[in-house]
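Visitor: I have a structure open here and would like to go through it. Where do we start?

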Amino acid sequence: KQWYQRRVRGLVKATGTRWDSLEAKEETVGDAPQRVYPSSHKRNPVDWDKVEAEVVKQDEEEKPEGDAALNQLFQKIYADGSDDTRRAMIKSFQESGGTVLSTNWNEIGEKEVDVKPPDGMEYKKWND
């Protein structure tokens, strides 16, 4: 324990700032300091904000194919849709056992959704 106390006393702060209070002061957007990340790379530190921007740009440019593209389309429709659109998608998908997906709440909200299996397939309940 004594070694630890002596070691802590000998450490120096990275930045010599003094806190006036425990609560943060409100800052305007222009006054916000740039984020600084710890790094062991002293000569050429990595700008992680730039790396993050590059990864986000690559993700946006990437075009999915097949089922992934269809899934992304449905996710976009759900995210950009109104509350009625979301409600219709959830109700139609759940009541049909995953065989119907509708975005029209006026049509779906009035009645129960029928199961419509793909051509050449037969729908069976799990407890039959």
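Visitor: Which helix is Leu 73 found in?
Guide: Leu 73 is found in helix H3. Helices here are DSSP runs of H or I with at least four residues, strands are runs of E with at least two, and both are numbered from the N terminus.

Visitor: And is Leu 73 buried or exposed?
Guide: Leu 73 counts as partly exposed, at 44% relative accessibility. Buried means under 20% relative accessible area, exposed means over 50%, and partly exposed is in between, with a 1.4 Å probe and protein chains only.

Visitor: Before we go on, what kind of model is this?
Guide: This is a predicted model, in which local features need pLDDT of at least 70 and side-chain atom pairs count only at pLDDT 80 or more, while totals for chains, interfaces and linings use all residues. Residues are numbered from 1 along each chain as its sequence is written, and side-chain values use heavy atoms, with hydrogens and water left out.

Visitor: Back to Leu 73. Which residues make the nonpolar surface patch?
Guide: Leu 70, Leu 73, Phe 74, Ile 77, Phe 93 and Leu 101 make a nonpolar patch of about 500 Å². Patch residues have over 30% relative accessible area and no salt bridge; nonpolar side chains (Val, Leu, Ile, Met, Phe, Trp, Tyr) are joined within 5 Å, and like charges within 9 Å. The areas come from the Shrake-Rupley method with a 1.4 Å probe, and for residues only the protein chains shown count as cover.

Visitor: Which helix gives the most to it?
Guide: H3 does, with four residues.

Visitor: Now charges. How many salt bridges?
Guide: The count comes to four. The rule asks for a side-chain nitrogen of Lys or Arg within 4 Å of a carboxyl oxygen of Asp or Glu.

Visitor: What does Asp 80 pair with?
Guide: Asp 80 forms a salt bridge with Lys 76, and their closest N and O atoms are 3.6 Å apart. Both lie in helix H3 (residues 67-80), four residues apart, about one turn of the helix. Asp 80 and Lys 76 are both exposed.

Visitor: What about Arg 87?
Guide: Arg 87 forms a salt bridge with Asp 84, with 2.8 Å between the closest N and O atoms. The two are separated by about one helical turn because they are three residues apart in helix H4 (residues 83-95). Arg 87 is partly exposed at 39% relative accessibility, and Asp 84 is partly exposed at 35%.

Visitor: Which ring does Arg 87 lie over?
Guide: Arg 87 lies over the face of Trp 105, at 5.1 Å from the ring centre. Arg 86 lies over the face of Tyr 78, at 5.6 Å from the ring centre. A charge sits over a ring if NZ of Lys or CZ of Arg is within 6 Å of the ring centre and within 35 degrees of the ring normal.

Visitor: And Lys 91, what does its side chain meet?
Guide: The side chain of Lys 91 meets that of Glu 95 in a salt bridge, at 3.6 Å from N to O. These two are four residues apart in helix H4, so about one helical turn separates them.

Visitor: Is Lys 91 buried or exposed?
Guide: Lys 91 is buried, because its relative accessible area is 19%. Glu 95 counts as partly exposed at 31%.

Visitor: New topic. Where does Ser 96 lie?
Guide: Ser 96 lies in the loop between H4 and helix H5 (105-108). Ser 96 is buried, at 0% relative accessibility. Leaving out residues up to four places away in sequence, Ser 96 touches Val 113, Asp 114 and Val 115, where contact means heavy atoms within 4.5 Å.

Visitor: Zooming out, how many helices and strands?
Guide: The secondary structure comes to five helices and zero strands. Buried residues make up 9% of the 128 residues in the protein.
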